[in-house]
Amino acid sequence: MLICKEILLALEPTITDYIKTLKKNDLMRKVIETNELCSGEDDICFFYIMFLKGILELKGGTKRLYKIINKKIKNPKKSREFIYKFLKLDYKSELNMWSWNEIIDYEIDTYDRDIKFTNYEIG
């Protein structure tokens, strides 16, 4: 999923504060050690995703994220669309259920035998 530059810029100050807090509380080292997907302190994509997943798991997190994004970009439709797409992608990745198009778009390893395909039929 490509994230619009406008949304990245809207989230940048919050993500920067999030990373500073991790470093300040000596959690950065633990995050890097326990997550094989994280390549180090400079892996900004990992920390964006970690922040987004974390905030959306909180009670009222969706509303809070919407306010953070929309406060900067002032485009409710674009803000809602981003959150919807992120939630959808997170849900699909949890279930490991992808369409063929998504497997190609996201370059998912097709040798993973646990992939569940959606059951669309052409009739």
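## Reading helices, burial and cysteines

Reader: How far apart should the end C-alpha atoms of α5 be, and how far apart are they?

Author: The general idea is that a helix has an expected span of 1.5 Å times one less than its number of residues. For the 20 residues of α5 that gives 28 Å, and the end C-alpha atoms are 29 Å apart, so the two values agree. Helices here are DSSP runs of H or I with at least four residues, strands are runs of E with at least two, and both are numbered from the N terminus. Before we go on, this is a predicted model, where local features need pLDDT of at least 70, side-chain atom pairs count only at pLDDT 80 or more, and totals for chains, interfaces and linings use all residues. Residues are numbered from 1 along each chain as its sequence is written, and side-chain values use heavy atoms, with hydrogens and water left out.

Reader: What about α3, how many residues does it have and how far does it reach?

Author: Helix α3 covers residues 44–57, which is 14 residues. From its first C-alpha to its last it reaches 20 Å, close to the 20 Å expected.

Reader: Zooming out, what pattern does the protein chain follow along the sequence?

Author: Reading along, you get α-α-α-α-α-β-α-β, that is, 6 helices and 2 strands.

Reader: How do I read burial, and what share of the protein chain is buried?

Author: Go by relative accessible area: under 20% is buried, over 50% is exposed, and in between is partly exposed (1.4 Å probe, protein chains only). Of the 123 residues in the protein chain, 30% are buried. In α3 the buried ones are F46, F47, Y48, F51, L52, I55 and L56, and they pack against α1, α2 (28–34), α4 and α5. In α5 the buried set is S79, F82, I83, F86, D90 and K92. Their packing partners are α1, α3, α4, β1 (97–98) and α6 (100–105).

Reader: Take S79 from that set. Which residues is it in contact with, beyond its sequence neighbours?

Author: Contact means heavy atoms within 4.5 Å. S79 sits in helix α5 (residues 76–95) and counts as buried because its relative accessible area is 0%. Leaving aside neighbours within four places in sequence, S79 touches Y66, I69, N70 and I73.

Reader: And E102, is that buried or exposed?

Author: E102, in helix α6, is buried because its relative accessible area is 13%. With neighbours within four places set aside, E102 is in contact with K92, M97, E107 and I108.

Reader: How do I describe two helices packing, say at what angle α1 and α4 meet?

Author: Fit lines to the C-alpha atoms over the stretch in contact, then take the angle between N-to-C directions, from 0 to 180 degrees. Helix α1 (residues 5–24) and helix α4 (residues 61–73) pack at about 115°, with axes 9 Å apart. On the α1 side the contact uses E6, I7, A10, L11, P13 and T14, and on the α4 side L65, I68, I69, K72 and I73.

Reader: Where do residues with positive phi turn up, for instance K74?

Author: K74 lies in the loop between α4 and α5. Its phi is positive, near 50°, and K74 is a residue other than glycine. K74 counts as exposed because its relative accessibility is 65%. N96, in the loop between α5 and β1, also isn't a glycine and has a positive phi of about 55°. N96 counts as buried because its relative accessibility is 18%.

Reader: I always check cysteines. How many disulfides are there?

Author: A disulfide is a covalent bond between the sulfur atoms of two cysteines. In the model, the rule is a pair of cysteine sulfur atoms within 2.5 Å, and the count comes to 0.

Reader: Then which cysteines are buried or exposed?

Author: C38 counts as buried because its relative accessibility is 8%, while C45, at 54%, counts as exposed. C4, in the segment before α1, is partly exposed at 29%. The C-alpha atoms of C4 and F82 are 8.6 Å apart, with their positions 78 residues apart along the chain.
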